[in-house]
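Here is a walk through one protein model, step by step. Keep the view at hand and follow the residues as they are named.

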Amino acid sequence: MSHYKSNLRDIEFNLFELLGRDRVLGEAPYTELDLDTAKFILREVERLSREDLAESFEEADRNPPVYDASAKTVTVTPAFAAAYKTWMDAEWWRLRVLPELGGSSTPSSLNWALAEFVQGANPALWTYVGIPTAARVIYRHGTDRDKRIAQIAVDNRWGATMLLTEPDAGSDVGAGRTRAVANPDGTWNIHGVKRFITAGEHDLADNILHLVLARPVGVDGVGGPGTKGLSLFLVPKNHFDLETGALTGERNGVYATNIEKKMGMNVSTTCEMTLGEDTPARGWLLGEVHDGIAQMFDVIEDARMMVGSKAIATLSSGYLNALEYAKQRVQGADLARSADKSAPRVTITHHPDVRRSLLTQKAYAEGMRSLILYTAAWQDEIAIATAAGQGASLAESVNDLLLPIVKGYGSERSWVILGTESLQTLGGSGYLRDYPIEQYVRDAKIDTVYEGTTAIQAQDLFFRKVIRDRGRALAHVLGEITAFADSPDPAGDIAAERALLAGAVSDVEQIVAKMTGDLAAVKDDPAAVYRVGLNATRLLYVLGDAVVAWLLLRSARIAETALAENPSAADVAFYRGKITAARFFAREVLPGVAAQRAAALTVDNFVMDLDEGAF
Ligand code: ST9
């Protein structure tokens, strides 16, 4: 039986009842898709993921890829290779490929819904299928030559990677030392060592296209210090004919020189890549412009969305596994009869603390699913406006604001709840390899780390997405939340929770005001910026709590209306679950935002004044 427990019903609820995505189907640029087709695709990918892609999840963890140090090759375990082939042969990955490259115009919201199935079933699989993203970025920024390379890579189902990180340049990408030297024929030779490269080397595809950040040398006006001195190069693993796309049989000088032994995501190869050591590593400058960090961020934004999506996909399956166990596990008597030693034993779903735990898992899993699909719905709006030849600056800003929350908040909450609640529901059994949750916990931890740590997401949120945006997107989102909190709900079931939500918005605003005030104080006192830094992660969390609570309560309001319309018995249970999860989250989590506000207002630099020796 599959380890993966999907939640198609809730995904459809989010897409079509909460976010009204049926309205965009049939409209430009999504003219070729209607609701029935979208639902068919959802059902098909859900089935494929659960039945086929999930099968090698455990085996691939226990049998990680094998590195041959002399040949510098990586062999992926056959069971996982079969899952990869199944996914590629099914062709659904082309829904993410640009129409100009033979793909299709599919709403981002639908694509991220599908991503949940694949990533929930076999999270590492997605890391090997980077080509739709890579090709899109190359096409968007590239010359005709680069567009041709993107087309060849898609047609031949090549792998793709992003090479940013170096041994001494992790969060600080601008410290990278990999350099690029121009050749007379217009290509570049790349020299350097990259670290932590996901899917950097493997035997799943005939070729791998590496997107490499490097610093040009010897060219006037480019290659200076920091991220702005970096350019982006397309560096294939194997050389190929630019006209036909056929491999020439000549190996390019980009090699995996080590693979890491990790806590989880074992089948996702994490490589050290050495470029230009013995053989030249030749590549092309993307777009023939030195704009590497901005181009790479086009990839990074997609990858950050992917990480948040992976995290909550795992949390959702963890919750549903825990729920299944709890419904069957008989242990102890009902608490109300605990003094009676002859009282019948009950399933653990009868125990208050198990119910608290299950509702915590359900509320976060479903609320963060809404967060991801709500963010993706803004991406749909950008595409719709672009197709209509209109600007989409508010949609772009809101999407930008939400991305660090999806990635930072989504990954932190998922990994913690998987460990403290989902695994815990199974007691000692949760710690065993007989159940998938211990692997879920191991696989999910990386989500808080790669694609920019939580601290990086927090700084991105405040400095770039709030301050640099002059608070526009934040004001929009908080305005929407306030309008919701102030408007009465039909059944009146969530009035108390709406009041809690209004309070949380005010708390968030006070934290932002404190941070903004501290930032303004920097002109007289440079150390004031430390107080901003001390509150940054807190802001990420409380804003995440407020947005998730809002989306859950919006869902509850829809459920109230649906319940009044005599739904089926299954839907009655579903909608009641939505209302209870929303009420639970608001009552359990939102009071914590007030506590965070109180702490935020007292943040002071005594933390920074402490001598290192005193730690
Ligand atoms: C990694 C691998 O962790 C993980 C693999 C995951 C699995 C992937 C598998 C593939 C999935 C499929 C998808 C991907 C496809 C992959 C294959 C394809 C190739 N938004 O603030 P400044 C830009 S990889 C947009 O001064 P600093 C912007 O251009 C490693 N743009 O920064 C800006 O200029 P301007 C992950 C942004 O102080 C410029 O950067 N590593 C954003 O110089 C400079 O900005 C990381 O994620 C943004 N949010 O540098 C790095 N932010 O201001 C983490 C910046 O003029 N570190 N730009 O607009 C950071 O993010 C740092 O904050 C820093 C700081 C490097 C940006």
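A polar contact is a pair of N or O atoms within 3.5 Å. Hold on to that cut-off for the ligand. In this predicted model, a polar backbone atom of Gly452 sits 3.2 Å from an oxygen atom of the ligand. That distance is within 3.5 Å, so the pair counts as a polar contact. Glu451 also faces the ligand through its backbone: one of its backbone N or O atoms is 2.9 Å from a ligand oxygen. Arg464 uses its side chain instead, where an N or O atom lies 2.6 Å from an oxygen atom of the ligand.

Now look at the wider surroundings of the ligand. How many residues surround the ligand? There are 31. The closest are Thr161, Thr227, Lys228, Arg464 and Arg468.

Next comes an annotated stretch. UniProt, in an unreviewed entry, lists residues 291-459 as "domain: Acyl-CoA dehydrogenase/oxidase C-terminal". Over these residues the chain is 72% helix and 4% strand. The C-alpha atoms at the two ends are 22 Å apart.

Turn to helix 7, residues 131-141. This helix is mostly covered, with eight of its eleven residues buried. The buried ones are Ile131, Pro132, Thr133, Ala134, Ala135, Arg136, Val137 and Ile138. What covers them? Both helices and strands take part, including helix 8 (144-155), helix 9 (292-328) and strand 3 (159-163). Strand 6 (208-217) and strand 7 (231-236) are also among the covering elements.

Val118 gives a view of helix 5, which spans residues 108-121. With a relative accessible area of 0%, Val118 is buried. Leaving aside neighbours within four places in sequence, Val118 is in contact with Val45, Ser49, Leu53, Trp87, Pro123 and Trp126. Ala28 makes a contrasting landmark. Ala28 and Val118 are 90 residues apart in sequence, and their C-alpha atoms are 27 Å apart in space.

Ala549 is the next stop, in helix 16 (residues 528-563). Is Ala549 buried or exposed? Ala549 is buried, at a relative accessible area of 1%. Residues up to four places away in sequence aside, Ala549 touches Leu501, Phe585 and Leu590. Met368 is 181 residues away along the chain, yet the C-alpha atoms of Met368 and Ala549 are separated by 9.5 Å.

Finish with the rings. The structure holds 13 aromatic pairs. One of them joins Phe57 and Tyr440 in an edge-to-face arrangement, 5.7 Å centre to centre, with 65 degrees between the planes. Phe57 belongs to helix 3 (residues 57-62) and Tyr440 to helix 12 (residues 437-445), so this pair ties together parts that are 383 residues apart in sequence. Both partners are covered. Phe57 counts as buried at 5% relative accessibility, and Tyr440 is buried at 1%.

Ring pairs also link Phe13, Phe574 and Tyr575 into a cluster. Phe574 has a further partner: Arg9 lies over the face of its ring, 4.2 Å from the ring centre. A similar arrangement involves Tyr541, where Arg413 lies over the ring face at 4.8 Å from the centre.

Note on methods
Residues are numbered from 1 along each chain as its sequence is written. This is a predicted model: local features need pLDDT of at least 70, side-chain atom pairs count only at pLDDT 80 or more; totals for chains, interfaces and linings use all residues. Side-chain values use heavy atoms; hydrogens and water are left out. UniProt positions are given in the numbering used here, feature names are shortened, and annotations may be inferred rather than shown by experiment. Buried means under 20% relative accessible area, exposed over 50%, partly exposed in between (1.4 Å probe, protein chains only). Contact means heavy atoms within 4.5 Å. Rings of Phe, Tyr and Trp (its six-membered ring) pair if their centres lie within 6.5 Å; planes under 30 degrees apart count as stacked, over 60 as edge-to-face and the rest as tilted. A charge sits over a ring if NZ of Lys or CZ of Arg is within 6 Å of the ring centre and within 35 degrees of the ring normal. A residue is near a molecule or strand if one of its heavy atoms lies within 4 Å of it. A polar contact is a pair of N or O atoms within 3.5 Å; within protein, one must be able to donate a hydrogen and the other to accept it, and residues adjacent in sequence count only if both atoms are side-chain atoms.
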